[in-house]
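Q: I have a new model to go through. Keep it short, and give me the cut-offs as we go.

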Amino acid sequence: MAKSGNNTNLIGLEKQDYKGSPTTLCAGCGHNSISSQIITAAFELGLQPEQVVKISGIGCSSKSPAYFMNRSFSFNSVHGRMPSVASGAMLANKDLVTIGISGDGDTGSIGIGQFKHALRRNTPMLYIVENNGVYGLTKGQFSVTADEGQNLKYYGKNDLPPLDLCLEAIVADCGFVARSFAGDPKQVRPLLKAAISYGGAAFLDIISPCVAFNNTSDSTKGYDWVKEHDDPLHDITYIPVQEEITTQYEPGETSTVTLHDGSQIVLRKLDESYDPKDKLGAIQALHNSNSEESLLTGLIYYNPDRPNLIQTENLVESPLAHLTTDALRPSEDSLSQIMSGL
Amino acid sequence: MNIVNDFSIQVATPNGSGSQTSNLVLLRSLFKMGIPSSGKNLFPSNIQGMPTWYTIRCSQEGYVARRDSIQIMILMNPETALQDINNIQPGGVCLYPETAKYNFDREDITYYKMPVKRLAKESGVSSALRPYVSNMVYVGVLASVLGIDLLEIENALSWHFKGRQKLVDTNMPIIQAAFDWSRQNITKTDPFQVERTNLTDGIVMVDGNLAAALGAIYGGVTVMAWYPITPSTSLADSLTQYASLLRHDNNGHATYSIIQAEDELAAAGMIIGAGWAGARAMTATSGPGISLMSEFAGFGYYAEIPAVIWDVQRVGPSTGLPTRVSQGDLTACHWSSHGDTEHICLLPGNVAECFEFGWRAFDIAEQYQTPVFVLSDLDLGMNNWMTKPFSYPDKPMDRGKVLTADQVLENGFKRYLDLDGDGIPYRTLPGTLANGASYFTRGSGHNESAKYSEDPQDYITNMSRLRHKIDSSRETLPAPIIEQIKTANIGFLGFGSTDPAIIEARDRLADIGVESSYMRVRALPTSLKVSEFIAAHDRVYVIEMNIEGQLHKLLQIKSPELATKLISLAHCDGLPLTASWVVNQILEQERGPNGKIRQ
């Protein structure tokens, strides 16, 4: 099965092996850009496609797992419940690589509880929200991340303040919180790779414009606005385990983060004072960004120290799904002993 | 004339007063003296202060159903005393604290006063502990009045406190003091007494939730996700306790995971995700949890994912009577979810079956690639029952039709193709390393290759196959237990924890010349034997603990040609069914216009 050549990755697969079915989303939809970045990131990381599970909820974003990595297993679940399904799958087989795909409605409204609890448990998974501030499949209702005071064609004015999902993630003690923009593949791709290498729950809030319902020039989820207001914290380079850092950076200009699997990301600072390991600083920065009407992007918060769900559960080395009767069924003697103790 | 080993004791206390220890010690002492006994806790949805009753039935014949007449009443709760005293059968006994100011006017019962406060004070335990040890006074007095062996009481205390001698030493002197006081001060005038027998030799006592948890452990459960809800919580607790003893490898790592989820929705999502990825996954819940899990139940049915859902039933709808028993979730589970579904349901009728179905449910779920409901109830799950020791599983785990990477490479793979004609397709587990092993699991319309489809024919094909799959399970599921009397015109049909009441009622009816056959259904969809049983009798009474007669209606739908033979005897008041209720209902139904029983 493995091929060799210039166009193959570490495990001998071509980029073609990571492609999905043709998209049925609208032309220009941000979700399609994210799908293609996932394809590239998985190819470049050399992920074994069959070892990857793509799990989603319901909505436009949750349809997108069909449009990348056809050789991987996929689970398009129930609205707002992707995190619980992903948690169950990871408990059953801790060796899987889980990519959870959700949207701002699927996560921020119906799924806010499961979102926060999966992060709190530190379930090992990449959790992506393709955030467009609007319900697409049901035709243009405001979502919980829509701007306060915003006007939409059929639903009028939005009177309520938005939830900031990155803030929610940090407060839930997620150890990897990042924000990016579907129109910025250079930033999305290293963040995807870093998140997959993180080893716990890694949350990526990707602003992903909806060209059908929420791409007006004054919408903070539209292409124009984001391009004008994007405020990246740093330039990000992902360094795989096998490679060495070759570029020379001036001291103080960069910081390096080593991930769970030994890979690294180098953050070339654009904001001198920003330290992604400072939790309160991260919260303050998000707050400032929201009130200044800018979009803070990059690795906003990072904490490598929390044990993940598999560690907390003290699971055996072999995935639970692979254990046989011998490993799972206690002896007949043990049952007799319990019975005689009753 | 003395009445030996055949009476019911009821202890009335405010809940949270620590009477559970006293009551369980009494039950175990009687049981260990060889007297067939059963205990039932009738408790409120409350932590402290509301009325609670604990009933112990001793029965030389081995009947263990609740009995509605009480022979011996222990009144420790002034709030309910006047009501409780009226529940004592004429000729019965009433024990109460000497400090209580009751104005009892019944002259047909025997009264014994107990110096509860005085003995508790004299015991020397701290005043904070005194209310708890006070309950030991009635244990001692009752031991003296009935003739319960004090050595068995001490053994039961030690068992209850898991051998912690200090706790035994705190309680036993009070029991002894009460016993001694009683010997000197009570002149026994009642007829009730106990005598040692060998009727419980080789028998153990256990609650159904522990039995279910053990069954799951021996069934190889790997992922359990749950959310606390009475009366299923103790199933999760027992699983946690015993898995920690039985299910670690040599390095101390666990071969299981138990997750207390954020709610029942998440618990259902976790077991569906885990079952999909190859775990033996289960949850335990009760009615409100079943409602919350219904969307995932439908998903699991349609996407064909194994999982086991224990429903320890309580009274609904809504919050209902959260600490009382019913069999009201039968149709809710069988047809759980929107759209057309029909779930396999297992219906354990005793604690041995809680154990057996505990492991078997995983095999069935994986064999049929579908969620399997197991319907226990509060009475079965939380109360103590006598049983023969559980039988070790007689076959290895059946993981169902799961393809390996080599099989995929050799033969190809279509997730929802009915290759074998039994409606059960083949599946692969995520992580199966073969190009072609993966597939797309979805709750939306799909074809045989698991591709998205809104094609009308794909939908029909898929749904018909699912129908066929579930139908094909009916004769492989636990078969009904049948006792057919050739000369009987009437039959009884029941399921679950009504079994002891029906057994006793049949004996009592037979004593007065009313013969009956009995079929206890143990699974849905039902075996064809059920319609044969109905056809073989003039009238079949469907006995169940709910209001609407859910099994009755379900059988009428499934066997419309036999519908008029079925008579519903549905009763639900939150209390376990009694034989008297069944006998009275049958006599009323079977009595002709002339007042005579029909033949």
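A: Two strands count as paired if DSSP finds at least two bridges between them. The strands, and the helices too, are DSSP runs numbered from the N terminus (E, at least two residues, for strands; H or I, at least four, for helices). This is a predicted model, where local features need pLDDT of at least 70, side-chain atom pairs count only at pLDDT 80 or more, and totals for chains, interfaces and linings use all residues. Residues are numbered from 1 along each chain as its sequence is written, and chains are lettered from A and ligands numbered from 1 in the order in which they are written.

Q: Start with β4(A). Which residue of β10(A) is the bridge partner of A:Val129?
A: A:Asp205 is the bridge partner of A:Val129. β10 of chain A covers residues 201-207 and pairs with β4(A) in the parallel sense, over 7 bridges.

Q: And how many bridges does β4(A) have with β3 of chain A?
A: There are 5 bridges, and that pairing is parallel. β3 of chain A spans residues 97-103. In this pair A:Gly103 has A:Glu130 as its bridge partner.

Q: Is β4(A) mostly covered or not? How many of its residues are buried?
A: β4(A), residues 125-131, is mostly covered, with 7 of 7 residues buried. A residue is buried if 20 or more other C-beta atoms lie within 10 Å of its own, exposed if 12 or fewer, partly exposed in between, with C-beta atoms placed from the backbone.

Q: Which residues point one way from β4(A), and which the other?
A: A:Met125, A:Tyr127, A:Val129 and A:Asn131 point one way. A:Leu126, A:Ile128 and A:Glu130 point the other way, and both sets are buried.

Q: Now the open sheet of 3 strands. What order does it have?
A: The order in chain A is β12-β14-β13, with antiparallel pairing. β12 (234-239) and β13 (254-258) of chain A are at the edges with a single partner strand each, so one side of each is left without a neighbour in the sheet.

Q: How many bridges join β12(A) to β14?
A: 6 bridges join them, and β14 of chain A is residues 264-269. One of the bridge partners in β14(A) is A:Lys269, which goes with A:His234.

Q: Different topic: how many residues of chain B are in contact with chain A?
A: 56 residues of chain B are in contact with 48 residues of chain A. Contact here needs the C-beta atoms, placed from the backbone, to lie within 7 Å.

Q: Which element gives the most to that side of chain B?
A: α9(B) does, with 9 residues. Elements supplying at least two residues each include α9 (264-276), α11 (294-303) and β10 (223-226) of chain B.

Q: Which strand of chain A is joined to β17(B)?
A: β2 of chain A, residues 73-76, is joined to β17(B) by 3 bridges, and the two run parallel. There, A:Ser74 has B:Phe440 as its bridge partner.

Q: Last thing, the largest nonpolar core. How many residues?
A: The largest nonpolar core has 211 residues. Such a core is a set of buried Ala, Val, Leu, Ile, Met, Phe, Trp, Tyr and Cys residues joined through C-beta atoms within 7 Å. Those with the most contacts inside this core are A:Ala89, A:Ala195, B:Val223, B:Ile271 and B:Val308. Helix α13 of chain B (residues 351-368) gives the most to this core, with 10 residues.

Q: What is A:Ala89 in contact with?
A: Leaving aside neighbours within four places in sequence, A:Ala89 is in contact with residues of both chains, including A:Val53, A:Ile55, A:Leu96, B:Gly273, B:Trp276 and B:Pro430. Another core, of 57 residues, lies apart from the largest one, and among its residues are B:Leu26, B:Leu42, B:Ile70 and B:Ile85.

Methods:
Contact = placed C-beta atoms within 7 Å.
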